[in-house]
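Here is a short briefing on one protein model. Keep the structure open as you read.

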Amino acid sequence: MGGTRPLSVIALEQVRIGIVTVLYNSENVLEDFFRTLDRQTYRDFSLYVIDNHSPDNSLDRARELAATVRFRTEIIAEPENWGVAKGNNIGIVRALAEGCEYVLLSNNDIVLEPDTLEKIYIGTVETNADMAVPKIYYYGTDLIWQAGGHFTYYNGATAHEGVRQKDRGQYDRPRRISYAPTCFMLIRKAVFDEIGLMDERYFVYYDDTDFLWRAKKAHKKTMYIPGSRLWHKESVSTGGQMSDFTVYYMARNGTYFSLKNHGLLQRCIVATYGLLHDVFRKPFRLTRKQRELARKGRRDGHALFKESRIR
């Protein structure tokens, strides 16, 4: 029989994807990551591994695993820990320079189905999306980690859809979203051409929030593609006391993000919410040392914003 083939089939033969993942103490999760990538039905991709000077055996383990798989892997060993944002940028620049039309930013603490990559790519093509994310579960469960997400006005942050909900098909329709984490996000080359790379000042946390906010402001279309699925190795019980590192950087980067991207009214609303949160919730969740770290983080966020304006 004659006739033209579906657009998705034609596109699958023509477009190369650059998968970018950043290592830092990732040794224990890499085997599943490489193994399930090697099973993908979509084969036209290269993996760019950026090691941020991991103190564990991540770099050597990545090299060992790269020698066992069928896909091309490029491993870039950095002399120090630049943070997630700069690590991603190093991989993005390399992938685009080597002719990739799409970049897929990916965690390496994930487990993929054989058609995860194929389905997110087909979904991106068929919905004419600029960016796309899959349905993500907590590892070893049918509980949802994220089914897309959105920006929250009152605290200047973000929220995942469907968190910890048992999957009963309630998030099985593709839909346009404003936000999702870059745990596994497929992005057209044209997005970087227009809005630039990740803001490296964040180091870690809010770097993806800032990138998605800029994409939203540029009217880029981000789609949630539920037919594409994977599992994230984050504990379902996560949500207890945060580390000192997390407390500081969340406070610093949340402040910087709000100052950089919000108008005066929303800044005031976010600041008021933060004050009430400090008074009524943080005393029960943070130690005295961590409350001081949060205050220092907010001060440093203001300084970071001022520095960015000067440059």
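His53 counts as partly exposed, because its relative accessibility is 47%, and partly exposed covers the range between under 20% and over 50%. The model is predicted. The points below start with His53 and then widen to the whole protein.

**Two residues with positive phi**
- Most residues other than glycine have a negative phi.
- His53 has a phi near 55 degrees, a positive value in a residue other than glycine.
- His53 sits in the loop between strand 2 and helix 3.
- Tyr206 also has a positive phi, near 75 degrees, and is not a glycine either.
- The loop between helix 6 (189-195) and helix 7 (207-217) holds Tyr206.
- Is Tyr206 buried or exposed? Tyr206 is buried, with a relative accessible area of 13%, because buried means under 20%.

**Strand 2**
- Strand 2 spans residues 45-51, and 7 of its 7 residues are buried, so the rest of the structure largely encloses it.
- In a regular strand the side chains alternate between the two faces of the sheet.
- Both faces of strand 2 are covered. On one side the buried residues are Phe45, Leu47, Val49 and Asp51. On the other they are Ser46, Tyr48 and Ile50.
- Which way does strand 1 pair with strand 2? Strand 1 (residues 17-23) and strand 2 pair in the parallel sense, over 7 bridges.
- Val20 stands opposite Tyr48 of strand 2.

**Helix 2**
- Helix 2 covers residues 30-38, and 7 of its 9 residues are buried, so it too is largely enclosed by the rest of the structure.
- The buried residues of helix 2 are Leu30, Asp32, Phe33, Phe34, Thr36, Leu37 and Asp38.
- What covers these buried residues? The cover includes strand 1, strand 2, helix 3 (58-66), strand 3 (72-77), strand 4 (102-106) and strand 5 (110-112).

**The whole protein**
- The protein has 11 helices and 12 strands.
- For 311 residues, a compact globule would have a radius of gyration near 19 Å, and the protein's 20 Å agrees with that.
- The C-alpha trace spans about 70 × 45 × 40 Å along its principal axes.
- Buried residues make up 51% of the 311 residues.
- Among contacts with a separation of 6 or more, 81% join residues 24 or more positions apart.

**Surface and charge**
- The protein exposes about 14,800 Å², and carbon and sulfur atoms supply 52% of that area.
- There are 45 positive and 38 negative side chains. The centres of the two sets lie 7 Å apart.

Technical notes
Residues numbered from 1 in each chain as written. Predicted model: local features only at pLDDT ≥ 70, side-chain atom pairs only at ≥ 80, totals over all residues. Heavy atoms only, no water. Helix = DSSP H or I, 4+ residues; strand = E, 2+ residues; numbered from the N terminus. Rg over C-alpha atoms; globule rule 2.2 N^0.38 Å. Buried < 20%, exposed > 50% of the residue type's maximum accessible area, 1.4 Å probe, protein only. Contact = heavy atoms within 4.5 Å. Areas by Shrake-Rupley, 256 points an atom, 1.4 Å probe, with all protein chains shown as cover. Lys, Arg positive; Asp, Glu negative; His and termini not counted. Charge placed at Lys NZ, Arg CZ, Asp CG, Glu CD. Pairing = 2+ DSSP bridges.
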